[in-house]
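The exercises below are meant to be worked through with the sequence and the coordinates side by side. Try each task before reading its solution.

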Amino acid sequence: MSRNKRGCCGCGCLSSIISLILSLVLIALVVLGVREAFYRYMYPVKYETYVSETSAELGVPETLIYSVIQVESGFDPEARSEVGARGLMQITEETFEWLKTKADFGADSVTFEDLDQPDVSIAYGTYFLKMLLEEFDGDVPTAMSAYHAGRGSVHSWLEQKKYSENGLTLDEIPKEDTKFYVQKILRAMKVYDERLNGKGAQNENVARLQRNVDRFLDTYVVPLFGGVFEKIGNRL
């Protein structure tokens, strides 16, 4: 059998190289597929109509609304917290009653128990986000610190130079669980920004392929790895 000057069979080497490349491509596709399935499981897009309509009406980014729902309740409309918050966006009764006093929002017939309804929870939760963003100069970390720790706590932090230079937004969040909460919100916003806005430039053929891939992931991969994703997500 003839060999080239490097002492290797041309056909055999080429075949091995092609096999290696195909193997690497397959591994990459599997890794990317599992990664995408993880994000689809941990950061789902649900209640799209309610979210998009409320976002447009109140001027709060969809990415922030989805992120709060994901972090607060994991998209469980009947979620409850240890302090009695309920619904997708985990509003406490005290906050709910305060929001109802606002002249430009809400209806007298709506009750705290109605927060178990996705549309009601999204409406009140998003309105609360709108008020916090307006109160804290549009700064998401500061507003979300107030969503988690309370407006009073954040205002007391803003009065201290070691936490805020300008007295309007936080440079540092002193409470560890609130700091971790804000980090989770910002991480989720980044994921949702990619999921909602990262595919806008696709042509129709690519979009059709993406829809087929999404269907495959939702039907087979996500259910198969759901338990594993849950454990990984809880550690983040």
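**Exercise 1. Aromatic pairs.** State how many aromatic pairs the structure holds, and characterise the pair formed by Trp-98 and Phe-128.

*Solution.* The model is a predicted one, and it holds 6 aromatic pairs. In the pair of Trp-98 and Phe-128, the ring centres lie 6.1 Å apart and the planes stand at 80° to each other, an edge-to-face arrangement. This pair links distant parts of the chain, since Trp-98 belongs to helix 4 (residues 93-100) and Phe-128 to helix 5 (residues 118-135), 30 residues apart. As for accessibility, Trp-98 is partly exposed with a relative accessible area of 26%, whereas Phe-128, at 6%, counts as buried.

**Exercise 2. A further partner of Phe-128.** Classify the geometry of the rings of Phe-128 and Tyr-147, and say which helices the pair ties together.

*Solution.* The ring centres of Phe-128 and Tyr-147 are 5.2 Å apart with their planes at 35°, so the pair is tilted. Phe-128 lies in helix 5 and Tyr-147 in helix 6 (residues 140-149), so the pair ties together parts that are 19 residues apart in sequence. Both Phe-128 and Tyr-147 are buried. Elsewhere, Tyr-43, Tyr-66 and Tyr-192 form one aromatic cluster.

**Exercise 3. Positive phi in loops.** Determine where Gln-90 is placed and where Asp-137 is found, and decide for each residue whether it counts as buried or exposed.

*Solution.* Gln-90, although not a glycine, has a positive phi of about 50°, and its place is in the loop between helix 3 (62-73) and helix 4. Buried means under 20% relative accessible area, and Gln-90, at 8%, therefore counts as buried. Asp-137 is likewise not a glycine and has a positive phi of about 60°; Asp-137 is found in the loop between helix 5 and helix 6. The cut-off for exposed is over 50%, so Asp-137, at 56% relative accessibility, counts as exposed.

**Exercise 4. A charged patch.** Identify the residues that form a negative surface patch, and place Asp-177 within the secondary structure.

*Solution.* The negative surface patch is formed by Glu-165, Asp-171, Glu-172, Glu-176 and Asp-177. Of these, Asp-177 is found in helix 8 (residues 176-197), where Asp-177 is partly exposed with a relative accessible area of 40%.

**Exercise 5. The overall fold.** Give the number of helices and strands, and the percentage of residues that count as buried.

*Solution.* The protein has 9 helices and 0 strands, and its elements run α-α-α-α-α-α-α-α-α from the N terminus on. Of its 236 residues, 37% count as buried.

Methods
Residues numbered from 1 in each chain as written. Predicted model: local features only at pLDDT ≥ 70, side-chain atom pairs only at ≥ 80, totals over all residues. Heavy atoms only, no water. Patch = residues over 30% accessible without salt bridge, like charges linked within 9 Å, V, L, I, M, F, W, Y side chains within 5 Å. Areas by Shrake-Rupley, 256 points an atom, 1.4 Å probe, with all protein chains shown as cover. Salt bridge = Lys/Arg side-chain N within 4 Å of Asp/Glu carboxyl O. Lys, Arg positive; Asp, Glu negative; His and termini not counted. Charge placed at Lys NZ, Arg CZ, Asp CG, Glu CD. Helix = DSSP H or I, 4+ residues; strand = E, 2+ residues; numbered from the N terminus. Buried < 20%, exposed > 50% of the residue type's maximum accessible area, 1.4 Å probe, protein only. Phe/Tyr/Trp six-rings, centres within 6.5 Å; stacked < 30°, edge-to-face > 60°.
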